[in-house]
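Here are my notes on this one, jotted down as I went through it. Have the model open alongside and check each point as you read.

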Amino acid sequence: QVHLVESGGGLVQPGGSLRLSCAASGIIFSIYTMAWYRQAPGNQRELVASITDGERTVYSNFAEGQFTISRDNAKNTVYLQVSSLKPEDTAVYFCNQWGTEVWGQGTQVAVSS
């Protein structure tokens, strides 16, 4: 059974940074595309970025230049570096095994002064 566990969220001031982590188990992690999504209160879940097994990355327009997705196959972990945070980045951030309904429980990011 596949498990995804996100961590690294928290409360940060505008302009701050965080590194979110997602640890995977139960899959051959290195062969799968992984993705980060986010869901703000009252909004639908939206794609932030994805990374293929070959480390090709794709970003949503809003994420370009502010978010960086990466992976460490030796640790079965995918990361999301978020910087220059704004209040509108407040959301629960989820990890996803691309193309499946496998999700983590999410990690809350709150941006406020």
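**Notes on the sheet and its surroundings**

1. Start with the sheet: 6 strands make an open sheet with mixed pairing, and the order runs β2-β10-β9-β4-β5-β6. At the edges you'll find β2 (10–12) and β6 (57–59); each has a single partner strand, so one side of each is left without a neighbour in the sheet. On average, neighbouring strands here are turned by 20 degrees against each other, direction ignored. Keep in mind that this is a predicted model.

2. Next, β4 (34–39), which sits between β9 and β5 in the sheet order. How covered is β4? Mostly: 5 of its 6 residues are buried, and the cut-off for that is under 20% relative accessible area.

3. On one side, β4 runs antiparallel to β9 (residues 91–97), and 6 bridges join the two. If you want to check the register, M34 stands opposite Q97 in β9, while A35 has N96 as its bridge partner there. One reminder for reading side chains along these strands: in a regular strand they alternate between the two faces of the sheet.

4. The other pairing of β4 is with β5 (residues 46–51), again antiparallel, through 5 bridges. Here R38 is set opposite E46 in β5. The two strands form a hairpin with 6 residues between them. Which residue in the turn has a positive phi? That's G42, at about 80 degrees.

5. Now step back to the loop that leads from β3 (18–25) to β4, where Y32 is placed. Together with I28 and I31, Y32 makes a nonpolar surface patch of about 290 Å². Is Y32 itself buried, exposed or something in between? With a relative accessible area of 32%, Y32 counts as partly exposed, because that class covers values between the 20% limit for buried and the 50% limit for exposed. Y32 also gets past the patch criterion, which asks for over 30%.

6. Last, have a look at D89, in the loop between β8 (77–82) and β9. Although D89 is a loop residue, its relative accessible area is 2%, so D89 is buried. What does the D89 side chain contact? It makes a polar contact with the side chain of Q66, at 2.8 Å. For polar contacts the limit is 3.5 Å, so this pair falls within it.

Methods. Residues are numbered from 1 along each chain as its sequence is written. This is a predicted model: local features need pLDDT of at least 70, side-chain atom pairs count only at pLDDT 80 or more; totals for chains, interfaces and linings use all residues. Side-chain values use heavy atoms; hydrogens and water are left out. Patches are made of residues with over 30% relative accessible area and no salt bridge: like charges are joined within 9 Å, nonpolar side chains (Val, Leu, Ile, Met, Phe, Trp, Tyr) within 5 Å. Accessible areas come from the Shrake-Rupley method with a 1.4 Å probe; for residues, only the protein chains shown count as cover. A salt bridge is a side-chain nitrogen of Lys or Arg within 4 Å of a carboxyl oxygen of Asp or Glu. Helices (H or I, at least four residues) and strands (E, at least two) are DSSP runs, numbered from the N terminus. Buried means under 20% relative accessible area, exposed over 50%, partly exposed in between (1.4 Å probe, protein chains only). Two strands pair if DSSP finds at least two bridges between them. Axes are lines fitted to C-alpha atoms, for helices over the stretch in contact, and angles run from 0 to 180 degrees between N-to-C directions. A polar contact is a pair of N or O atoms within 3.5 Å; within protein, one must be able to donate a hydrogen and the other to accept it, and residues adjacent in sequence count only if both atoms are side-chain atoms.
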